[in-house]
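Trainee: I would like a close look at one loop residue and at the parts of the chain around that loop. Please take your time and give the cut-offs as you go.

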Amino acid sequence: MGGAVVAPGLGTPASAEEFINILTGGTSGVYYPLGVALSEIYGKNIAGVRTQVQVTKASVENLNLLQQGKGEIAFALGDSVKAAADGDAEAGFPKKLDKLRAIGAIYPNFVQVVASQDSGIKSFADLKGKSLSVGAPKSGTELNARAIFGALGMSYDDLGKTEYLPFGESVELIKNRQLDATLQSAGLGVASIKDLATSVPITVVAVPAEVAQKLGAPFQAAVIPAGTYEGQKEDVPTLSITNILVTRADVADEQAYQMTSQLFAHLDTMVAAHNAAKAIKPEGAAKGLPIPLHPGAERYYKEKGLL
């Protein structure tokens with residue numbers, strides 16, 4: 001398990017309820033910088049709270065930690081949240097996680113398959129016989145990878161080698177010519193791929209539109225716009241999946257209300273931390289969720305006339 005970063009200069013809480021542990025992901029992904037921004041927002045704007053940002057293996061670990069009461073708010077991919085609510089053992093949830101409640105849908109993750117130009121990989125089918133990192137085992141990214149391979153009638157057995165590595169480590173291996181490609185499910189402009197694109201010539205590999213049709217919600221057809229990464233000259237079709245901020249049922253209603261309202265009141269701080277946050281908007285944040293809203297969050301959306 002990753003370390004924790006305590007936001008500086010925040011007061012000591014009056015009671016245990018006023019501690020907010022924010023569960024994120026690896027430091028080279030998008031969840032982490034947004035979690036740090038959230039910590040700053042809550043620390044400055046919710047009276048008497050102390051915040052902490054925890055580095056984790058992202059979606060699946062975050063949801064299990066919430067169920068165990070080891071966090072107050074977490075970032076998670078929509079399909080992982082649905083799998084947790086359903087108790088999908090294959091996805092890392094042997095039992096239904098019944099304590100999960102939504103704060104709201106935030107921004108979409110884009111499945112980003114990136115290969116070194118040296119590898120000769122130009123299409124998804126070209127991954128056959130090549131080496132690919134599919135993300136940490138049973139992470140949200142790896143569950144996305146598994147779903148896409150299945151929809152295309154492929155499996156990891158088609159690969160020359162399968163690596164289960166976080167974003168940063170995957171990129172280092174490609175730079176060192178020890179890996180052909182990486183599949184990362186993250187916000188556009190993720191630091192790890194930006195770093196890779198400035199180090200070696202890359203190819204951003206398309207995920208065929210038929211995959212979105214086969215998989216259905218919460219997957220949607222999407223595009224990685226030209227120029228997202230250095231050397232990417234064309235739009236590249238792919239999939240997107242909504243990210244959700246999740247809390248647990250036993251977080252106090254007032255705290256969940258504050259966590260929701262302060263997020264939307266300070267979106268500028270989130271955008272300053274990462275461009276992916278430009279897609280976070282209160283309109284639509286309460287719709288199409290695979291788990292119930294926390295009553296505190298529901299109060300916020302009702303006040304704003306969004307429910």
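Between which two elements does the loop that holds Lys138 lie?

Mentor: Lys138 lies in the loop between E6 and H4, where helices (H or I, at least four residues) and strands (E, at least two) are DSSP runs numbered from the N terminus. Before going further, note that this is a predicted model, in which local features need pLDDT of at least 70 and side-chain atom pairs count only at pLDDT 80 or more, whereas totals for chains, interfaces and linings use all residues. Residues are numbered from 1 along each chain as its sequence is written, and side-chain values use heavy atoms, with hydrogens and water left out.

The phi angle of Lys138 is near 55°, a positive value in a residue other than glycine. Lys138 counts as partly exposed because its relative accessibility is 36%; buried means under 20% relative accessible area, exposed over 50%, and partly exposed in between (1.4 Å probe, protein chains only). Ala58 also has a positive phi without being glycine, near 80°; it lies in the loop between strand E3 (50-54) and helix H2 (59-67), and its relative accessible area of 17% makes it buried. In H2 itself, nine of nine residues are buried, among them Ser59, Glu61 and Gln67, and the helix is followed by Gly69, whose phi is positive, near 80°.

H4 leads to the aromatic rings. Rings of Phe, Tyr and Trp (its six-membered ring) pair if their centres lie within 6.5 Å, with planes under 30 degrees apart counted as stacked, over 60 as edge-to-face and the rest as tilted. By this rule there are seven aromatic pairs. One of them joins Phe124 and Phe149, edge-to-face at 5.3 Å centre to centre and 65° between the planes. Because Phe124 sits in the loop between strand E5 (100-116) and strand E6 (131-133), and Phe149 in helix H4 (residues 140-151), this pair ties together parts that are 25 residues apart in sequence. Phe124 and Phe149 are both buried, and ring pairs link them with Tyr156 and Tyr164 into a cluster.

H4 also takes part in the largest pocket, which has a volume of about 430 Å³. On a 1 Å grid over the protein atoms alone, a cavity is a set of points where a 1.4 Å probe fits but cannot get out, while a pocket is an open set with protein on both sides within 12 Å along at least five of seven lines; lining residues have an atom within 4 Å of a point. Grid points are joined across faces, edges and corners, and a volume is the space filled by probe spheres set on the points. The lining of the largest pocket has 29 residues, of which Gly25, Gly26, Lys57, Ala58 and Phe167 are the closest to its centre. At least two lining residues each come from helix H1 (31-45), E5, H4, helix H5 (167-175) and strand E8 (181-186), and H5 gives the most, with three.

E5, in turn, gives nine residues, the most of any element, to the largest nonpolar core. A nonpolar core is a set of buried Ala, Val, Leu, Ile, Met, Phe, Trp, Tyr and Cys residues joined through side-chain atoms within 4.5 Å. This core has 97 residues, and those with the most contacts inside it include Leu38, Leu63 and Ile73.
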